[in-house]
Amino acid sequence: MITNEMNHSPEYADYLKTLSSEFFLDILENSFIEVTVTDKDGNVLYANPACLEYHGIPAEKMWKLNFLTSFQGFWTPPSTATAIEKKHTIISRQRSLLTDEEHITITTPLYNPDHELVMLVYNTLKRESFVEFDLDYLNQEKLTDDEIKDKKGSREERTKASNNIVGRSYILYQTLHKLKKAAKSDIPILLLGESGVGKSLIAKFIHDCSPRKANPFISINCASIPDNLIESELFGYVPYAFTGASPKGKKGLVEMANHGTLFLDEIGELQPNIQVKLLDFLENQRFTSVGGLEKKMVNTRIITATNKNLEEQVAKNVFREDLYWRINGITQTVPALRERRDDIFPIAQYYLKEYNKKYNQNKVFSNPVIEALIQYDWPGNVRQLKNAVEQMAVMSLGSVIGSDKLPEQVAAFVTKESINKKKIIFDDLVENYKRGIIEDYYEIYDNINDLADSLGLSQTTAYRLVNKYVKK
């Protein structure tokens, strides 16, 4: 018998043997705590549906992963090696190196009678579940109420500071890792990417990782300011510089961001005359306010972004080539949401939590909604996803957001994807055809939920039949 050194009375051990495997599987499948089981090498043998909420990956995809290598470098500290070394259960608070998100991981190694490692069982709890469930308590340390409050407060402040970017994908991790290094210098950074991917959040991330983080971060969308006002917005003006100007004059954003960071979004929209003045500023860190004669010196870092192809703009003589080469010391494309599907569910969860707080409610996504959100391409990227989540949060009546509340574009996509799916009731089929049916449908559907739905089965039964006929 596989064990983790925990002993039961003979009477209770005998009783456990009378319970069916279906009984235990039903319990695992309906648990809100993630349960993942791997072999000694980290290959996933089982993952319950809760893994979708914790990792944004459905169980049938987790089942094909190596739990150690797939998430290596994402969470710290790693728990597996310690559990194997200590040969007993390890309870650790893990932090995402990407987002600072926290959760509790309970890692239990299981051994055969010869004391050989056979498998590992992982249980995961969300940070919200253990605000008062502190590891210091598990270590039998006595904490005062003030100490507990201080610990809770410091965690909340850290989470608040890092919650501007949410995601778990490796491509996002690579992007942030590169930009975190670049943030330490004053090298100009040009962010590229489609509208709505979150370039302004990435710019703020760069600022927060830089030595300038204690100083102002100011953002301006160059496309939103009329051409005749953009110069005075950037560089300010002296008293009575033009008709309607304030008699007190005005500081420009370049000066307001002194010792900090100025983020120029949609820089491709700047007119040539402003491009010349911006180039002079970038070259010399000096500028002249509108209507003024005095040269002012500042120490302001510039981060720029655009959803246009600036090389094409340069070829068309719409954008200055010298300015282009000046702003792209480091160029980074922010990937579209469809290129990092692992981030879709965490982002949707983040915004749902925000809207639950805003509208004083406590709603959750149903599994069909989660699947639909992950499969949809999101041409409007994070901005579109945010709006979709708010719409569903407002329009759904119960505590569970069902697929009938999906936005029209997402619902139409799901309908199109499933239009050729034929509904089959499994109980009406002859036993001799079971194997062929399960094998055929397993080749068509990567998703066990879809397979189960198409055959009219429960998810538990679908898992059992796939293991029986396909993965035996």
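1. A disulfide is a covalent bond between the sulfur atoms of two cysteines. For the search reported here, a pair of cysteine sulfur atoms counts as a disulfide when the two lie within 2.5 Å. The model under review is predicted, and a search of the whole structure returns zero disulfides.

2. Two cysteines deserve a remark on their surroundings. Cys51 has a relative accessible area of 0%, and Cys222 has one of 5%. The cut-off for a buried residue is under 20% relative accessible area; Cys51 is therefore classed as buried, and Cys222 is therefore classed as buried too.

3. On internal space, the structure contains one cavity of 30 Å³ or more. The largest cavity encloses about 50 Å³. Its lining is formed by Pro49, Leu52, Pro58, Ala59, Glu60, Asn367, Glu371, Asn449 and Gln459. Two or more of these residues come from each of helix 4 (59-62) and helix 17 (367-375). By character, the lining of the largest cavity comprises four nonpolar, three polar and two charged residues.

4. Strand 1 spans residues 34-39 and includes Thr38. Is Thr38 buried or exposed? Its relative accessible area is 0%, so Thr38 counts as buried. When neighbours within four places in sequence are set aside, the contacts of Thr38 are Asn43, Val44, Leu45, Phe67, Met119, Leu120 and Tyr122.

5. Helix 10 covers residues 199-208, and its buried residues are Lys199, Ile202, Ala203, Phe205, Ile206 and His207. Which elements are included in what covers these buried residues of helix 10? Among them are one helix, helix 9 (170-182), and the strands 7 (189-192), 8 (217-221), 9 (261-265) and 12 (301-306). A reader inspecting the packing of helix 10 may thus begin with Lys199, a charged residue by type, which is listed among the buried residues of this helix.

6. Glu321 belongs to helix 15, which runs over residues 321-327. Its relative accessibility is 47%, and the class between buried and exposed ends at 50%, so Glu321 is partly exposed. The separation of Glu321 from Leu310 is 11 residues in sequence, while their C-alpha atoms are 9.1 Å apart in space.

7. In summary, the points for the record are the absence of any disulfide in the whole structure, the volume of about 50 Å³ in the largest cavity, the buried state of Thr38 and the partly exposed state of Glu321.

Terms used: Residues are numbered from 1 along each chain as its sequence is written. This is a predicted model: local features need pLDDT of at least 70, side-chain atom pairs count only at pLDDT 80 or more; totals for chains, interfaces and linings use all residues. Side-chain values use heavy atoms; hydrogens and water are left out. On a 1 Å grid over the protein atoms alone, a cavity is a set of points where a 1.4 Å probe fits but cannot get out, and a pocket is an open set with protein on both sides within 12 Å along at least five of seven lines; lining residues have an atom within 4 Å of a point. Grid points are joined across faces, edges and corners, and a volume is the space filled by probe spheres set on the points. Helices (H or I, at least four residues) and strands (E, at least two) are DSSP runs, numbered from the N terminus. Buried means under 20% relative accessible area, exposed over 50%, partly exposed in between (1.4 Å probe, protein chains only). Contact means heavy atoms within 4.5 Å.
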